[in-house]
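Let's take a walk through this model together, beginning with its pockets and then turning to the strands.

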Amino acid sequence: MQEDPTPQHEWLHRLVGEWSYSMSCPMGPEGAMVETAGRETFTKLGELWVRGELVGEFPGGLSVTGLMTLGFCPRTSRYIGNWIGTPSSHMFVYSGDREGDVLTLDCEGPSFADPNKIVPYQDVIEFQGDVRILRSQTRGEDGAWKEFMRSEFRRI
């Protein structure tokens, strides 16, 4: 069965290319921001999927390689995909929606406070002109989303 790409797939093609990134996380003493950097390459897998490979550092000097796949399912009208990376054995499975240039991907994963507890997360991808922002956030006990990582990507 061969499916034709939709406008949603074409929107994902905007990710294709070489990117450099800077990332900030509140992980230093007293929650001070820690900055890291790296590179990411997105390629198309046919016309229906994109695949990104990120290589860089996470706060604390941890070398990281991460793989992201993203697509769109016309039957459910949802963006779908996953993320895996060298620092974790957990696969984050995405399902999300897009409004304009903002794609919000819901997933679940281990809690920072208790790795045996699974909590909701979101990765939010936003295009702002030539810059792409990735915000990662988790839902707190109070039900509010709390950002814990922000990355800014620029085309190379």
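The largest pocket has a volume of about 970 Å³. Of the 36 residues lining this pocket, Phe58, Phe112, Tyr121, Phe148 and Met149 are the closest to its centre. Bear in mind as you read on that the model is predicted.

Which strand gives the most to the lining of the largest pocket? That is strand E10 (residues 145–155), with six residues. By residue class, the lining of the largest pocket divides into 24 nonpolar, seven polar and five charged residues.

The second largest pocket has a volume of about 210 Å³. Its lining is made up of Ser111, Phe112, Ala113, Asp114, Lys117, Val119, Pro120, Tyr121, Thr138, Arg139, Gly140 and Glu141. Strand E8 (118–128) and strand E9 (131–139) are the elements that give two or more residues to this lining. The largest share comes from E8, with three residues. Here the classes divide into five nonpolar, three polar and four charged residues.

Two names deserve a second look: Phe112 and Tyr121 are among the residues closest to the centre of the largest pocket, and Phe112 and Tyr121 also line the second largest pocket.

Now for the strands. The table gives their pairings, with the bridges that join them.

| Strand | Partner | Bridges | Sense |
|---|---|---|---|
| E1 (residues 17–26) | E2 | 10 bridges | antiparallel |
| E2 (residues 33–45) | E3 (residues 49–58) | Eight bridges | antiparallel |
| E3 | E4 (residues 62–73) | 10 bridges | antiparallel |
| E1 | E10 | six bridges | antiparallel |

Some residue pairs help to place these strands on screen. Where E1 meets E2, Cys25 has Val34 in E2 as its bridge partner. Where E2 meets E3, Thr43 is partnered by Arg51 in E3. Further along, Val55 stands opposite Thr65 in E4.

How many residues lie between E2 and E3 in their hairpin? There are three, and Gly46 in the turn has a positive phi of about 65°.

E1 is also a good place to return to the pocket. Besides its pairing with E2, E1 pairs with E10 in the antiparallel sense, and Tyr21 stands opposite Phe153 in E10. E10 is the strand that gives the most residues to the lining of the largest pocket, where Phe148 and Met149 are among the residues closest to the centre.

Definitions and conventions. Residues numbered from 1 in each chain as written. Predicted model: local features only at pLDDT ≥ 70, side-chain atom pairs only at ≥ 80, totals over all residues. Heavy atoms only, no water. Pairing = 2+ DSSP bridges. Helix = DSSP H or I, 4+ residues; strand = E, 2+ residues; numbered from the N terminus. 1 Å grid on protein atoms, 1.4 Å probe; cavity = no way out; pocket = protein on both sides within 12 Å on 5 of 7 lines; lining within 4 Å. Points joined across faces, edges and corners; volume = space filled by probe spheres on them. Nonpolar A, V, L, I, M, F, W, Y, C, P; charged D, E, K, R; others polar.
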